[in-house]
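The following paragraphs lead the reader through a structure, one region at a time. Please keep the sequence and the model in view while reading.

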Amino acid sequence: MIINSLTQQLDEEMDQLSLQRASVLVASHYGHPPLAFVHSFGCQQNVSDGERLKGLLAEMGFGFTDEQERADLILFNTCAVRESAEDRVFGNVGALKNLKRADPDRIIVLCGCMMQQPQVAERIKKSFPYVDIVFGTGAIHRLPVFLAQRLESRKRVFWNQPAQNVVEGIPAVRDEGVKAWLTIMQGCNNFCTYCIVPHVRGREVSRTPDRIEAEARELIGLGYREITLLGQNVNSYGKGLEEPCDFPALLRRLDGIDGEYRLRFMTSHPRDCTRELIDTIAGSRHVCHHIHLPVQSGSDRVVKAMNRHYDIAHYLELIAYARQRMPDVTFSSDIIVGFPGETREEFLETLALIRKVRYNALFTFIYSRRSGTPAATMPDPVPAAEKSVWFRELLEVQQQICTELNEEMVGTVQRVLFDSVGKSGDGFLAGRTEGNIIVEAPGDRSLIGKFLPVRITRAMNWAMVGTIQQ
């Protein structure tokens, strides 16, 4: 576990006195060093938020445990992107009832995207009386204030006001390892008709390039070798900054930092993906030649109904230009199957697009209705069972493409950053190529964190196997 923080002061909203006050209350409340269990559901942005929640808890005197039964404080950082994610959270919260009964002083905290929705917060208030603190995405920095209020008054705390800006200087507790997340912006302005994110994370607000560069330098200095820049739409980074800086300019600035490291980014919206961005990636030293470019559907009509603001011809032009500038570039994407009103013919257009682009990876989902979004009110005549058939068909097509692409890599030498122990057997390490392809190879654990050449000897459905070249 690594604790790090930026050198600048906490934002005025994150009052140092509140942190000190909470620390004193925590120390006096517990007769032992308190432990916290923290779990983040959902996307990488939530994982990054969870690191800062842990950072604040550490500043208040908490240690950490992976066992809920040992925890004095249990915190769930929730996700609202799909209904299944919300159901999973409610199931986990329900299971905490007995733990609270066994230890009434145990504090239960729910935060994140789900809690930004008033109807969810109201359900928690009425149906889960043992939950102590509830707040949304705009109030991570207020955790010490909420905890102090709970310890002093013994009353439950609920807060779901929207975020107004990016609060800087919140300390983070990161897992030791090779990879790190670096948030460059918050919120989203796109309002895709199926998506709840703008409603729970607010409008786009970009961090200043100075702050981002300072954090990147800190992470590189701490030994992280792969840094992923995060935002709901990183391609629109920079809007509203006092000193102009768009996403390609930010990448060029970060690429200029000395050291042995990689830069990745997500998520990249096709609407704001430009040739300048592609040229910047192609001309960089550290930015990986891999682009996650969610298309969602291969049908122009469906894409328009989703309010995505591009057409498939433009999308394919971006793919072609990137391959022209970077022959080794790889692509991944998101696909939604069964968007309201989607026909079988329109689904077949998606299959045709997948066959044309030949993605190295796809993140695929059956449409999930989100209350409060325009798509939730659209006619949706296709039965769920038929959508499931389409979904399986898509998976079969993509698996065949992945198998073929993986087999084409056999015999090549790839630069791999090893980041963990492998799954192929004892003595194997796992890592990824610059194109984000998983590679496993026999090797000593001391090689984790190193960039090494690997000759690919065998292709599997989910990964490559190779030998490290000395």
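Helix H6 is mostly covered, with 8 of its 11 residues buried. The model in which this is seen is a predicted one. The buried residues of H6 are Leu143, Pro144, Val145, Phe146, Leu147, Ala148, Arg150 and Leu151. After the helix comes Arg154, which has a positive phi, near 65°.

What does H6, residues 143-153, lie across? The helix lies across strands E4, E5, E6 (133-135) and E7, and it runs at about 150° to E6. These strands belong to an open sheet of 6 strands, in the order E3-E2-E4-E5-E6-E7, with parallel pairing. Strand E3 (63-64) and strand E7 (157-159) stand at the edges; each has a single partner strand, so one side of each is left without a neighbour in the sheet. Within this sheet, strand E4 (residues 73-78) and strand E5 (residues 107-112) run parallel and are joined by 6 bridges. One residue to locate here is Leu75, which stands opposite Val109 in E5.

Some of the residues just named appear again around an enclosed space. Rolling a probe the size of a water molecule over the atoms shows where empty space is left. In this structure there is 1 cavity of 30 Å³ or more. The space in the largest cavity amounts to about 50 Å³. Its lining consists of His29, Lys100, Pro104, Asp105, Arg106, Ile107, Asp132, Arg150, Leu151 and Arg154. Sorted by class, the lining holds 6 charged, 3 nonpolar and 1 polar residues. Arg150 and Leu151, which are buried in H6, are thus found in the lining, as is Arg154, the residue with positive phi that follows the helix.

Further along the chain, Gly240 lies in the loop between strand E12 (226-230) and helix H9 (247-255). Is Gly240 buried or exposed? Its relative accessible area is 81%, so Gly240 is exposed. Gly240 and Glu204 are 36 residues apart in sequence, and their C-alpha atoms are 8.8 Å apart in space.

The next region is a barrel. Here 5 strands close in the order E17-E18-E19-E21-E20, and the pairing is mixed. From one strand to the next, the twist averages 50°. Helix H14 (residues 384-409) packs on this sheet and touches strand E17 (413-421), strand E18 (428-433), strand E20 (451-459) and E21; the direction of H14 makes about 120° with that of E20.

The pairings around the barrel can be followed one by one. Strands of a sheet pair through backbone hydrogen bonds, either parallel or antiparallel. E17 and E18 pair in the antiparallel sense over 5 bridges, and Leu417 stands opposite Arg432 in E18. E17 and E18 also form a hairpin, with 6 residues between them; in the turn, Gly425 has a positive phi of about 150°. E17 and E20 likewise pair in the antiparallel sense, over 5 bridges, and the bridge partner of Val416 in E20 is Leu452.

How do strands E19 and E21 run? Strand E19 (residues 438-442) and strand E21 (residues 464-468) run parallel, joined by 2 bridges. Val439 has Met464 as its bridge partner in E21. With this parallel pair beside the antiparallel pairs of E17 with E18 and of E17 with E20, the mixed pairing of the barrel can be traced in the model.

Key. Residues are numbered from 1 along each chain as its sequence is written. This is a predicted model: local features need pLDDT of at least 70, side-chain atom pairs count only at pLDDT 80 or more; totals for chains, interfaces and linings use all residues. Side-chain values use heavy atoms; hydrogens and water are left out. Two strands pair if DSSP finds at least two bridges between them. Helices (H or I, at least four residues) and strands (E, at least two) are DSSP runs, numbered from the N terminus. Axes are lines fitted to C-alpha atoms, for helices over the stretch in contact, and angles run from 0 to 180 degrees between N-to-C directions. Contact means heavy atoms within 4.5 Å. On a 1 Å grid over the protein atoms alone, a cavity is a set of points where a 1.4 Å probe fits but cannot get out, and a pocket is an open set with protein on both sides within 12 Å along at least five of seven lines; lining residues have an atom within 4 Å of a point. Grid points are joined across faces, edges and corners, and a volume is the space filled by probe spheres set on the points. Ala, Val, Leu, Ile, Met, Phe, Trp, Tyr, Cys and Pro count as nonpolar, Asp, Glu, Lys and Arg as charged, and the others, Gly among them, as polar. Buried means under 20% relative accessible area, exposed over 50%, partly exposed in between (1.4 Å probe, protein chains only).
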